[in-house]
Amino acid sequence: MALLDYHLHDLLSPWHGLGPSPPQRLVKRFFDIVLALALLVPLLPVIVLTALAARLDTGASGFFLQERIGRGGRPFRVVKIRTMRPVPGTTVTTLGDPRITRLGGWLRRSKLDELPQLFNVLAGQMSFVGPRPDVPGFADALGEEGRVILSVRPGITGPATLKYRDEETLLAGVEDPERFNREVVFPDKVRLNRDYVLHWSFTRDLVYLWRTAFPRPGPGAEER
């Protein structure tokens with residue numbers, strides 16, 4: 001019933017000519033469901049084993065849940081493998097952050113910590129491709145033009161995610177990572193994500209998935 005409800009929501013949601021049309025939303029959603037199921041079958045043991053390892057490594061739950069803002073501004077909890085010690089700190093993470101464990105660093109580099117988001121995709125909270133879901137503070141900072149990115153489900157990957165694949169390294173090289181993220185990185189991500197929504201196509205989604213699996217070398221290679 002939950003999947004049917006999401007299908008009906010895609011059909012009945014108002015469309016103002018921005019982003020995917022209702023039929024395109026259904027195609028995108030159908031693709032997400034099929035791919036998520038296909039990946040979960042072989043990857044479920046990997047998710048379970050990495051979660052157990054993360055629990056032993058961090059002394060806390062192997063799964064990390066954090067509130068993010070999804071489609072339509074609705075909050076949801078994104079699921080990842082825990083890679084950091086459960087101590088207070090900023091939401092901006094840089095390379096060499098002391099909260100990240102040795103195992104956690106490897107999980108982040110290999111992107112294995114992202115695998116539980118397959119459940120978010122299957123639940124209809126996320127898509128494989130789309131704007132990365134922000135924490136409430138950043139989502140609240142979206143201007144009127146930027147809010148168009150909330151008209152689609154957030155994604156595991158996308159143009160901004162690919163361009164800032166090494167974001168932690170980038171932020172580690174500036175004097176004030178939080179300010180640089182707020183004033184430079186975040187606005188650029190909004191620009192890329194807005195362009196993604198306004199010029200959405202299924203073919204571009206496939207290209208972003210391919211570039212995620214097989215990244216291209218070179219600065220700025222993933223921007224478009």
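## A walk through the fold, starting at T50

T50 is buried, because its relative accessible area is 11% and anything under 20% counts as buried. Bear in mind as we go that this is a predicted model. T50 sits in helix α2, and its side chain reaches back to the backbone oxygen of I47 at a distance of 3.0 Å. Setting aside residues up to four places away in sequence, T50 touches I81 and L107. There is also a long-range pairing to look for here: T50 and D113 are 63 residues apart in sequence, yet their C-alpha atoms are 8.1 Å apart in space.

Let us step back for a moment and look at the whole chain. The protein chain has nine helices and four strands. Reading from the N terminus, the elements come in the order α-α-β-β-α-α-β-α-β-α-α-α-α. Of the 224 residues in the protein chain, 44% are buried, T50 being one of the buried residues. How much of the contact network links residues 24 or more positions apart? Among contacts with a separation of 6 or more, such pairs account for 66%.

Now back to α2, and to the helices it meets. Two packed helices are described by the angle between their axes and the distance between the axes. For α2 and helix α3, which covers residues 102-110, the axes come within 9 Å and cross at roughly 145°. On the α2 side of this contact you will find T50, A53, A54 and D57, and on the α3 side L103, G104 and L107. T50 and L107, which we already saw touching, are therefore both part of the place where these two helices meet, as the buried T50 is listed there together with L107. Sorted by class, the residues in the contact of α2 with α3 are four nonpolar, two polar and one charged.

Helix α2 spans residues 22-58, and it has a second partner to visit, helix α9, made of residues 202-213. Here the axes come within 11 Å and cross at roughly 30°. That angle is under 35 degrees, so α2 runs roughly parallel to α9. The crossing of α2 past α9 is right-handed. Which residues make the contact? From α2 they are V27, K28, F31 and L35, and from α9 they are F202, D205, L206 and L209. By class, the contact of α2 with α9 comes out as six nonpolar, no polar and two charged residues.

Just beyond α3 there is a residue with a backbone feature you may like to check in the viewer. K111 lies in the loop between α3 and α4, the latter being residues 117-122. Its phi is near 70°, a positive value in a residue other than glycine. Is K111 buried, exposed or partly exposed? With a relative accessibility of 36%, K111 counts as partly exposed, because that value falls between the 20% and 50% limits.

Next, turn to the strands. R68 belongs to strand β1, residues 63-69. Although arginine carries a charge class, R68 is buried, with a relative accessible area of 11%. The side chain of R68 reaches the backbone oxygen of P133 at 2.8 Å. R68 and P133 are 65 residues apart in sequence, while their C-alpha atoms are 5.7 Å apart in space. What else does R68 touch, not counting residues up to four places away in sequence? Its contacts are R74, P75, F76, V78, R132, P133, D134 and V135.

Our last stop is A160, in helix α6, which covers residues 159-163. A160 is buried, with a relative accessible area of 4%. Leaving aside neighbours within four places in sequence, A160 is in contact with K189, L192 and N193. The C-alpha atoms of A160 and R191 are separated by 8.7 Å, and these two residues are 31 residues apart along the chain.

Definitions and conventions
Residues numbered from 1 in each chain as written. Predicted model: local features only at pLDDT ≥ 70, side-chain atom pairs only at ≥ 80, totals over all residues. Heavy atoms only, no water. Buried < 20%, exposed > 50% of the residue type's maximum accessible area, 1.4 Å probe, protein only. Contact = heavy atoms within 4.5 Å. Polar contact = N/O pair within 3.5 Å; in protein donor to acceptor, adjacent residues only side chain to side chain. Axes fitted to C-alpha atoms, helices over the stretch in contact; angles between N-to-C directions. Parallel < 35°, antiparallel > 145°, perpendicular 65-115°, else oblique. Left-handed = near helix turned anticlockwise from the far one by under 90°. Nonpolar A, V, L, I, M, F, W, Y, C, P; charged D, E, K, R; others polar.
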